[in-house]
Amino acid sequence: MNRWTRGWLAGAVLLSQGCAQASDGSGAVLAPLETLHVGSQCGDLNRPAVIWIADAGEWRQRYAEITRLQMHPPPLPVVDFSREGVLLIAMGQQTTGGYGLSLVGKSATVHDEVLSVAVTWREPLPGYAQTQAMTNPCLLTKLSGGVFSRIRVIDQDGRIRLEGFR
(Lines give C-alpha, C1' and ligand atoms only; values in the text may rest on other atoms or scores of the structure.)
Protein backbone atom coordinates (compact mmCIF):
# COMPACT_ATOMS: atom_id res chain seq x y z
CA MET A 1 0.00 0.00 0.00
CA ASN A 2 1.50 3.35 -0.98
CA ARG A 3 1.76 6.40 1.28
CA TRP A 4 -1.14 8.24 -0.37
CA THR A 5 -3.47 5.24 0.03
CA ARG A 6 -2.51 4.81 3.70
CA GLY A 7 -3.11 8.51 4.33
CA TRP A 8 -6.45 8.42 2.54
CA LEU A 9 -7.55 5.34 4.52
CA ALA A 10 -6.49 6.91 7.82
CA GLY A 11 -8.43 10.05 6.93
CA ALA A 12 -11.49 8.02 5.97
CA VAL A 13 -11.38 6.15 9.28
CA LEU A 14 -11.14 9.40 11.24
CA LEU A 15 -13.99 10.98 9.30
CA SER A 16 -16.14 7.91 9.79
CA GLN A 17 -15.54 8.25 13.55
CA GLY A 18 -16.67 11.87 13.49
CA CYS A 19 -13.27 13.23 14.57
CA ALA A 20 -12.26 16.74 13.52
CA GLN A 21 -8.58 15.90 13.25
CA ALA A 22 -5.93 16.80 10.71
CA SER A 23 -2.41 15.63 9.88
CA ASP A 24 0.74 17.55 10.72
CA GLY A 25 2.51 16.33 7.56
CA SER A 26 4.65 13.72 9.37
CA GLY A 27 1.95 11.08 9.43
CA ALA A 28 0.86 12.10 12.92
CA VAL A 29 -2.78 13.07 13.39
CA LEU A 30 -3.54 16.31 15.25
CA ALA A 31 -6.11 16.11 18.06
CA PRO A 32 -7.53 19.48 19.18
CA LEU A 33 -7.23 20.14 22.93
CA GLU A 34 -9.33 22.27 25.26
CA THR A 35 -8.19 23.08 28.79
CA LEU A 36 -10.99 22.37 31.28
CA HIS A 37 -9.16 22.97 34.58
CA VAL A 38 -5.70 23.91 35.84
CA GLY A 39 -4.94 23.90 39.54
CA SER A 40 -2.23 23.67 42.17
CA GLN A 41 -4.44 21.97 44.77
CA CYS A 42 -5.96 18.94 43.03
CA GLY A 43 -7.45 16.85 45.81
CA ASP A 44 -5.49 13.74 46.70
CA LEU A 45 -3.50 13.33 43.49
CA ASN A 46 -0.32 12.62 45.42
CA ARG A 47 1.55 10.68 42.72
CA PRO A 48 2.42 11.76 39.18
CA ALA A 49 -0.14 10.29 36.79
CA VAL A 50 -1.74 10.53 33.38
CA ILE A 51 -5.30 9.19 33.34
CA TRP A 52 -7.79 8.88 30.48
CA ILE A 53 -11.38 9.50 31.61
CA ALA A 54 -13.86 7.97 29.18
CA ASP A 55 -17.27 8.09 30.88
CA ALA A 56 -19.52 10.58 32.64
CA GLY A 57 -19.59 8.76 35.99
CA GLU A 58 -15.82 8.68 36.36
CA TRP A 59 -15.66 12.31 35.13
CA ARG A 60 -18.07 13.52 37.83
CA GLN A 61 -16.16 11.59 40.53
CA ARG A 62 -12.67 12.76 39.45
CA TYR A 63 -13.75 16.39 39.02
CA ALA A 64 -15.37 16.41 42.47
CA GLU A 65 -12.17 14.97 44.00
CA ILE A 66 -9.96 17.50 42.20
CA THR A 67 -12.04 20.56 43.13
CA ARG A 68 -13.05 19.47 46.64
CA LEU A 69 -10.60 21.85 48.34
CA GLN A 70 -12.12 24.92 46.66
CA MET A 71 -14.69 26.95 48.60
CA HIS A 72 -16.74 27.55 45.45
CA PRO A 73 -15.75 24.92 42.88
CA PRO A 74 -16.58 25.76 39.27
CA PRO A 75 -19.39 23.75 37.67
CA LEU A 76 -18.54 20.46 35.98
CA PRO A 77 -17.43 21.20 32.39
CA VAL A 78 -19.59 19.57 29.71
CA VAL A 79 -18.02 16.63 27.86
CA ASP A 80 -19.75 14.57 25.15
CA PHE A 81 -18.34 11.14 26.00
CA SER A 82 -19.77 9.65 22.80
CA ARG A 83 -17.07 11.63 20.91
CA GLU A 84 -14.63 12.97 23.52
CA GLY A 85 -12.70 12.10 26.64
CA VAL A 86 -10.78 13.94 29.33
CA LEU A 87 -7.07 13.62 29.97
CA LEU A 88 -5.97 14.17 33.57
CA ILE A 89 -2.28 15.05 34.01
CA ALA A 90 -1.03 15.25 37.61
CA MET A 91 2.44 16.23 38.85
CA GLY A 92 1.92 14.52 42.20
CA GLN A 93 2.44 16.03 45.62
CA GLN A 94 5.08 18.78 45.85
CA THR A 95 6.55 20.22 49.07
CA THR A 96 6.41 23.89 47.98
CA GLY A 97 4.69 26.25 45.60
CA GLY A 98 6.18 27.12 42.23
CA TYR A 99 5.05 23.94 40.44
CA GLY A 100 2.49 23.94 37.66
CA LEU A 101 1.26 22.60 34.34
CA SER A 102 -0.12 24.18 31.18
CA LEU A 103 -0.69 23.02 27.62
CA VAL A 104 1.75 23.91 24.87
CA GLY A 105 -0.41 24.69 21.85
CA LYS A 106 -3.98 23.75 21.03
CA SER A 107 -3.47 20.19 19.81
CA ALA A 108 -1.87 16.85 20.65
CA THR A 109 -0.57 14.33 18.13
CA VAL A 110 -1.46 10.70 17.57
CA HIS A 111 1.12 8.54 15.83
CA ASP A 112 1.29 4.73 15.91
CA GLU A 113 -1.55 4.70 18.47
CA VAL A 114 0.42 6.94 20.88
CA LEU A 115 -1.21 10.20 21.98
CA SER A 116 1.52 12.77 22.71
CA VAL A 117 0.58 15.87 24.68
CA ALA A 118 3.05 18.74 25.05
CA VAL A 119 2.97 20.62 28.35
CA THR A 120 4.92 23.29 30.14
CA TRP A 121 6.13 21.52 33.28
CA ARG A 122 7.02 24.31 35.73
CA GLU A 123 9.29 23.71 38.71
CA PRO A 124 10.72 26.33 41.06
CA LEU A 125 14.25 27.48 40.36
CA PRO A 126 16.79 26.48 43.02
CA GLY A 127 17.57 29.21 45.53
CA TYR A 128 14.36 31.21 44.99
CA ALA A 129 11.83 31.65 47.79
CA GLN A 130 8.65 29.60 47.43
CA THR A 131 5.50 29.28 49.48
CA GLN A 132 5.96 26.54 52.05
CA ALA A 133 2.77 24.65 51.37
CA MET A 134 2.09 21.21 49.96
CA THR A 135 0.72 21.39 46.43
CA ASN A 136 -0.38 18.81 43.87
CA PRO A 137 -0.75 20.50 40.48
CA CYS A 138 -2.93 19.05 37.76
CA LEU A 139 -4.34 19.80 34.34
CA LEU A 140 -7.58 18.54 32.80
CA THR A 141 -7.96 18.73 29.03
CA LYS A 142 -10.72 17.59 26.69
CA LEU A 143 -10.00 15.96 23.33
CA SER A 144 -11.65 13.70 20.78
CA GLY A 145 -11.56 9.98 21.49
CA GLY A 146 -9.39 9.18 18.46
CA VAL A 147 -7.42 6.00 17.88
CA PHE A 148 -4.72 5.62 20.53
CA SER A 149 -3.86 3.08 23.19
CA ARG A 150 -0.90 4.78 24.90
CA ILE A 151 -0.47 8.30 26.26
CA ARG A 152 2.76 10.26 26.55
CA VAL A 153 3.20 13.65 28.28
CA ILE A 154 6.21 15.59 26.98
CA ASP A 155 7.60 18.73 28.61
CA GLN A 156 8.88 21.94 27.02
CA ASP A 157 12.39 20.44 26.77
CA GLY A 158 11.21 17.34 24.91
CA ARG A 159 11.50 15.02 27.94
CA ILE A 160 8.86 12.38 28.52
CA ARG A 161 7.43 13.18 31.94
CA LEU A 162 4.56 10.69 32.14
CA GLU A 163 3.30 7.67 30.25
CA GLY A 164 0.07 5.79 30.57
CA PHE A 165 -2.55 3.72 28.82
CA ARG A 166 -6.03 4.39 27.60
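Contacts between residues that lie far apart in sequence dominate the count in this predicted model: of the contacts in the chain with a separation of 6 or more, 73% are accounted for by residues 24 or more positions apart. The chain contains two helices and ten strands, and these elements follow one another along the sequence in the pattern α-β-β-β-α-β-β-β-β-β-β-β. Of its 166 residues, 40% count as buried, while the area exposed by the chain amounts to about 9,400 Å², of which carbon and sulfur atoms supply 55%.

One disulfide was identified in the model. It is formed by C42 and C138, whose sulfur atoms are 2.1 Å apart, and the link is left-handed, with -75 degrees about the S-S bond. The two cysteines belong to distant parts of the chain, C42 being placed in the loop between β2 and β3 and C138 in strand β8, 96 residues apart. Both partners are buried, since the relative accessible area is 1% for C42 and 0% for C138, and each value falls under the 20% that delimits the buried class. A disulfide is a covalent bond between the sulfur atoms of two cysteines.

Strand β2 also contributes H37, a residue that counts as buried because its relative accessibility is 8%. When residues up to four places away in sequence are not counted, H37 touches Y63, I66, T67 and Q70, and the list of its contacts continues with C138, L139 and L140. One of these contacts, C138, is thus the cysteine that is paired with C42 in the disulfide.

Strands β2 and β8 are further connected through charged side chains, as part of a set of nine salt bridges held by the structure. E34 forms a salt bridge with K142, and the closest N and O atoms of this pair are 3.5 Å apart. E34 lies in strand β2 (residues 29-39) and K142 in strand β8 (residues 138-144), so that distant parts of the chain, 108 residues apart, are linked by the pair. The partners fall into separate accessibility classes: E34 is partly exposed, with a relative accessible area of 41%, whereas K142 counts as buried at 12% relative accessibility. Side chains of opposite charge can pair when their charged atoms come close.

Towards the end of the numbering, a salt bridge is formed by R152 and E163, with the closest N and O atoms 3.2 Å apart. Because R152 lies in strand β9 (residues 150-154) and E163 in strand β10 (residues 160-165), this pair ties together parts of the chain that are eleven residues apart in sequence.

A further salt bridge joins D155 to R161, where the closest N and O atoms are 2.9 Å apart. D155 counts as buried, with a relative accessibility of 4%, while R161 is partly exposed, its relative accessible area being 24%. The D155 and R161 pair does not stand alone, as both residues are members of a network of salt bridges that also links E123, D157 and R159.

Methods:
Residues are numbered from 1 along each chain as its sequence is written. This is a predicted model: local features need pLDDT of at least 70, side-chain atom pairs count only at pLDDT 80 or more; totals for chains, interfaces and linings use all residues. Side-chain values use heavy atoms; hydrogens and water are left out. Helices (H or I, at least four residues) and strands (E, at least two) are DSSP runs, numbered from the N terminus. Buried means under 20% relative accessible area, exposed over 50%, partly exposed in between (1.4 Å probe, protein chains only). Contact means heavy atoms within 4.5 Å. Accessible areas come from the Shrake-Rupley method with a 1.4 Å probe; for residues, only the protein chains shown count as cover. A salt bridge is a side-chain nitrogen of Lys or Arg within 4 Å of a carboxyl oxygen of Asp or Glu. A disulfide is a pair of cysteine sulfur atoms within 2.5 Å.
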